[in-house]
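Colleague: Please show me the model, and then let me ask how its terms are applied.

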Amino acid sequence: MNAVPARSTEPPLALCDVTKRYDSGGGGAVTALSHVDFAVERGEVVAVVGPSGSGKSTMLNILGLLDDPTSGGVELRGEPTAGLSAAERTDARRESLGFVFQDFHLLPTLSAVENVRLPTTFLPGDATERARELLELVGLGDRLDHTPDELSGGQKQRVAIARALVNEPDVLLADEPTGNLDRDTGTAILEEIRRIADEAGVGVVAVTHDDLVTEYADRTVELVDGVLRDV
Ligand code: ADP
Ligand code: MG
């Protein structure tokens, strides 16, 4: 193709014909992803489902620039990432991506505000005010100075979401974001994620076993033995 579309029309994050093989010690190779094409758009929530071992975590790690495909490529706003140095990748990850994990990954000795501003530690300026605003956005304006052990599971996940947003990412990558939460709390978290996608235009890719997530998604894709298909 010769025509290069305007930058703003490019999806914020895409996989182009991505195959991932793991070579195991015994000489056998596992194909974890096979020729996967995928893009998330701004403001779109995509649920990725599939049985255990189908390649979901591999897909999320490759989308998050935490692991490399064996063949094919990852594009950020239409730009290939293959040529980036390790430092450039880290910068790209910090600038464009936010991560939310099942078990929150909060630092136990830090307050909510301190946890949220943590990703900005090595950036110029003081993100404390922004951290406060984000905690207010996720309904924790009255828990700014609480440490994780003073918060419920749902509140901890809200802190993790606020932290994932502190760098104004284009895309939020979530691994089982409701996995450790009861159904009502999970629903509240999904409503929050939905609102962030709608209001801030953040694209969301959520890997999940949870039917609830697919209800809040614009689109669900399924991995079976490393092959991605629309559901
Ligand atoms: P899921 O998250 O859907 O459970 P994974 O992406 O973790 O699936 O794994 C996909 C396949 O790749 C599985 O067969 C798994 O055993 C294999 N796999 C994952 N990570 C590695 C690794 N680091 N080395 C070798 N095989 C791996
Ligand atoms: Mg997994």
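The exchange below deals with ligand 1 and the largest pocket.

Modeller: This is a predicted model, where local features need pLDDT of at least 70, side-chain atom pairs count only at pLDDT 80 or more, and totals for chains, interfaces and linings use all residues. Residues are numbered from 1 along each chain as written, chains are lettered from A and ligands numbered from 1 in the order written, and side-chain values use heavy atoms, without hydrogens and water.

Colleague: What makes the pair between K56 and ligand 1 a polar contact?

Modeller: A polar side-chain atom of K56 lies 2.9 Å from an oxygen atom of the ligand. A polar contact is a pair of N or O atoms within 3.5 Å, so this pair counts. An N or O atom in the side chain of T58 is 2.6 Å from an oxygen atom of ligand 1, and therefore that pair counts too.

Colleague: Which element gives the most to the shell around ligand 1?

Modeller: Helix 1, with three residues. Helix 1 covers 56-63; helices are DSSP runs of H or I with at least four residues.

Colleague: How many residues of that shell are charged?

Modeller: One is charged, beside four nonpolar and six polar. Asp, Glu, Lys and Arg count as charged, Ala, Val, Leu, Ile, Met, Phe, Trp, Tyr, Cys and Pro as nonpolar, and the others, Gly among them, as polar.

Colleague: Which residues lie nearest the centre of the largest pocket?

Modeller: R93, R94, L97, F99 and P119, out of 17 lining residues. Lining residues have an atom within 4 Å of a pocket grid point.

How values were computed: A polar contact is a pair of N or O atoms within 3.5 Å; within protein, one must be able to donate a hydrogen and the other to accept it, and residues adjacent in sequence count only if both atoms are side-chain atoms. Helices (H or I, at least four residues) and strands (E, at least two) are DSSP runs, numbered from the N terminus. On a 1 Å grid over the protein atoms alone, a cavity is a set of points where a 1.4 Å probe fits but cannot get out, and a pocket is an open set with protein on both sides within 12 Å along at least five of seven lines; lining residues have an atom within 4 Å of a point.
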